[in-house]
Amino acid sequence: MVESTGGKPARPSFSAPSKEAGCDACFSLLGAKTGRSQEEVTCSMKSEKAGKGCGQGAMACVRNRYRHGSAAVVQGTCKTFAMRLINVAVELESGGTLASEAISEQGSTAAESSGSPPSSFSGRTEHRGYQAPKEDPQKGKWKILVKTSKDSPVPKEIKATIVIYGSEGKSNDIILSSNNPAFVSFLPGARDEFLVDAGDVGDVYKIRVSCDELTGFEGWHFKSIHMEELHTGKELNFDCNCWLSLSLEDTVMVKEFPLLTEGRKPLQVNQYLVSVHTGDAWGAETYSNVYITLYGERGDTGVRKLHRSLVEGQKFQRNKVDSFLLEAVSLGHLKKVVVGHDGEGYGAGMYLKLVTVQESERSNTEWVFPCFKWLDEHIGARSTVCKLKSVGERLVSGPVQLEFSGVWFLTLSGSEVGNRESPVQLALNIYGDKGYKKLRLHVTGQTMQLKEELADVGTIYKVSVSSKPDYIKQSWKLNTVLMENPGARLEMRLDFNCWFKDNAYNCIELPALYPKQDPPPVVEYTVHVYTGDVRNAGFSGNVYLCLRGDRGDTKKRWLTKSSSDQKTFTRGQVDVFKVEAVHLGKINRLVIGHKDQNKDDWFLDKVIVTEGEMPTTQHIFVHNDWIDKHPKKKGFCEVTILAEEPTEIWPNPMKESEAMKKQQWGMWVKATLVPDRMANLFVIVFGTEGKSPLIEVENLEDKPFQINTGDIGEVLKVSFICKSSGLEKRIKLEKLRMKDSVTKQELGFHTTDRWLFEETGSDSVTELAAVRPDRPPLRDVFYSVKVYTGDLPAAGTDASIFITLFGETGNTCKRTLTNPNSPLILEKGQVNVFRLRAIDLGTPNRVVIGHTSDGYGAGWYLDRVTVQEVAEKDAEFVFPCQQWLDSGTGDRWTERELRLLGKVNRSNRLVTADPQGYWDVYVVTGDISVSGADSEVTLEVCCEKGTCPLLILPIASLTPGHTYKSSVQVDHKLGTISKVRLQMEESRNGKTWYCHEVKLQHRTTKECFEFPFFQVIGHPEESTVLELPVIMTSSDFLTVKVHRHCHHWKFRRIRN
């Protein structure tokens, strides 16, 4: 018999919970809820202010046990209690299976490092202090027999995994492998037996079997799987008879099988049709591998890679819908999906509009999961994974017209009502383009049916359900609202899944779902309410707000939750609130008021509203006055404020206005010595206003093909990119030419003695500068990149390192740092020097560097990176890091963006002991749209023993592209200059200022210090103070540490 635990140990014995930091509050809170369902416990914990902290403490407690990898991982926590702790913590902290999987992964890592395999947690809630009885050591253990078909190929390399699903949960991923490395599993016709520990999953109803996409994997044909539980002797059979292979037409690497029970019909196996809708934003496409997980009433599908689209053409392109078949045992009603990508390939970021899922290709309804977000490590939430909740089901096809007269039937479904004598009173609002209708609901049971004439509403575009404290005396959960119009043969089911709690305000909106039409997104608006700084300005009553845009309004929303722990609406205070609503379009006004219970007066200064998690503009509503003391409606005081023109609060790299029309170019590429198995070639065109998307090179035979660059301004350069590895890419370039299809402008490029990806084929990017008749082209530059590995234990790595340099004229695209003479190994305390060829970037202002996490111990501690031109020895640019790039340490990032700290000018003589005298000061404002300032900006020159007199910069001099000149006197008592500080008062109009550079030059000695800020100041979410240090050498400098909450930067001197 081949024995294997599949990476899982024998079950240990469990004792009572230990008292670690943060556990007591969790135990007491969970103990107080004993006897209630998991859903009720989770809801109750969410409703209590301490619940959030408690959940985080619980999660931290469990993580700490895993991280240390000791016996305390499991022995310090009651098994069943720990599972409950994890479940509640997951729901509170991040929700769903992802967090559980993350904990499982941490457990595996910690256990491996300690020499012990991880344990699985499962079970029900127990009272605090509960002593778990001794369990049968065989409980949860299974003997699995796998039969391989005779026509299955002899496995060169195979990694098979099984997941077992039951009524109480699911097992971890269990690897089916032998403890004996010399033993080969899954030979043709073989019967392999494995002993695994799945944990207490309850009554098993399905299994999932998968294989990893390994290089030597040729396929696996297995016939059946037989399972026997050692504790009870219960036997289960799964009839499989299927192939897992990459060479098949559908690329099947994952299969699910329902349990076969005599006398019972097995669960249905569905071919889900998953459609991924890529957005119509600039750069929305991706060439990464995209993965998805579906979650429903009966478990999940596991992570599935979306291999082959049913739609022709390249997958996941801008404004394209790709459909995929995903086979799984029926999940029942779908609740959410988790979608993401691996970040591989150039321009991996993706703008995902929505995901739709049909139960089969023949199904007439589909679930809708809106996203309207970027899956990108550098934009918005800075994540490549997103959890999407279902907003409901809609018809796949239906009537074209959207105005439906006649009667609508509405069915509300929810939880049981505890006290039927006290019905739950809610308001159901139906919004249309001609008006809205408000329905009063008195809920007394799980379902409620209505029949309403809604012709006067017009085209329905959203539905909301709200509650008030005075009308709801018990909590009730609304699950769905089914809307049917039999006359138009139209129906939609909206998934609200929302608790309405007693004595609380609540309102939730969902868009109407029509066939073949994108529903408007549900947006989170952030509302900043500024109470004036005048005498008696504060207010102690209840405040409400209504936002209005060109696509509707939010109706009255009571502002009951602020991000501040202080008392709301006090003098001079800013209170922040979140309002979720179906997208309003362009916001043009708001109504704000209060219920005058205490006869207080309130002085409202202004309200600022931003939209979404990546706001680029803000809507400002200035009142600067008292709320009307003589209201028309008794007890209520309100005011309507018109919006000013939206102002840009941060440069938006993805903005695409109507004026930015696509630019059509013809391109000719001629190459010789082209290999037979040529790698895939792409180009990116860089301009003064941006860059084009990744464009495939259609031919190398001097035949014209059309490309769309978008409005990138004047073309500066073209980058050739190779995306394939392992293929021949050494190509001799003979010609490159571009011609504008509208203006007929032609651009040439110097191709003499140029090889794509160098003559040795060692590079992956080649850049050529555009040649114009009226100006010289940008220079071809060799950059010397020095990578300093830190001197900490295990700081080195042998993983592949990649880097992208950014400057004033674009970026170098992602480059892999290689050593042509030997394998690249970055050792502890070592400095590695690399040579990188690119078109002149101007002043480098940031670096993105990371590694592929390949190999054992891939984590890397990076101290800093310096960049200089090989031909220019005087100037070296310093980019400090001093952080781990490790998927298992710190913030777990393996890629970081490093900002420019300063420039080392090696031609400078050392700082004199007495720097007294006058220094000329040059302040350069960037030539971009947000550059100009409208509030006071000050500059301070800081020395070792004090600061020079404050220098106030005139507002009129801080205009885009302008250089302001002044001077400052340094007294000899202050010592040498150490840094400069810029500070800007907060703008009342929300404007910011972009500082390009500050330069100090001694009038007598001509000694010069340069401070390349390249940064916006005055942004409300960022610091209003910027500092940069004097750098004399690249190894002796002050690092910048950001303290965002107190809005200043702290320095620490580093000497090597």
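The lining of the largest cavity, by class, comprises eight nonpolar residues, three polar residues and two charged ones. Please bear in mind that we are looking at a predicted model. In total, 13 residues line this cavity, and the space within amounts to about 110 Å³. Which residues lie nearest its centre? They are Lys903, Cys1008, Phe1009, Glu1010 and Ile1031. Two strands deserve mention here: strand 57, residues 902-905, and strand 65, residues 1008-1011, each contribute at least two residues to the lining of the largest cavity. The structure as a whole holds three cavities of 30 Å³ or more.

I turn now to the surface. Val154, Val184 and Leu187 make a nonpolar surface patch of about 230 Å². Of these residues, I shall take Val154 further. Its place is the loop between strand 1, residues 141-148, and strand 2, residues 160-166. Is Val154 buried or exposed? Its relative accessibility is 54%, and Val154 therefore counts as exposed, since the term applies over 50%.

My last residue is another valine, Val424. Val424 is found in strand 21, which covers residues 424-432. Here the relative accessible area is 0%, so Val424 is buried; the cut-off for that term is under 20%. How far apart are the C-alpha atoms of Val424 and Thr444? The separation is 6.7 Å, while along the chain the two residues are 20 residues apart.

To close, let me set the two valines side by side: Val154 is exposed, whereas Val424 is buried. Thank you for your attention.

How values were computed
Residues are numbered from 1 along each chain as its sequence is written. This is a predicted model: local features need pLDDT of at least 70, side-chain atom pairs count only at pLDDT 80 or more; totals for chains, interfaces and linings use all residues. Side-chain values use heavy atoms; hydrogens and water are left out. On a 1 Å grid over the protein atoms alone, a cavity is a set of points where a 1.4 Å probe fits but cannot get out, and a pocket is an open set with protein on both sides within 12 Å along at least five of seven lines; lining residues have an atom within 4 Å of a point. Grid points are joined across faces, edges and corners, and a volume is the space filled by probe spheres set on the points. Helices (H or I, at least four residues) and strands (E, at least two) are DSSP runs, numbered from the N terminus. Ala, Val, Leu, Ile, Met, Phe, Trp, Tyr, Cys and Pro count as nonpolar, Asp, Glu, Lys and Arg as charged, and the others, Gly among them, as polar. Patches are made of residues with over 30% relative accessible area and no salt bridge: like charges are joined within 9 Å, nonpolar side chains (Val, Leu, Ile, Met, Phe, Trp, Tyr) within 5 Å. Accessible areas come from the Shrake-Rupley method with a 1.4 Å probe; for residues, only the protein chains shown count as cover. A salt bridge is a side-chain nitrogen of Lys or Arg within 4 Å of a carboxyl oxygen of Asp or Glu. Buried means under 20% relative accessible area, exposed over 50%, partly exposed in between (1.4 Å probe, protein chains only).
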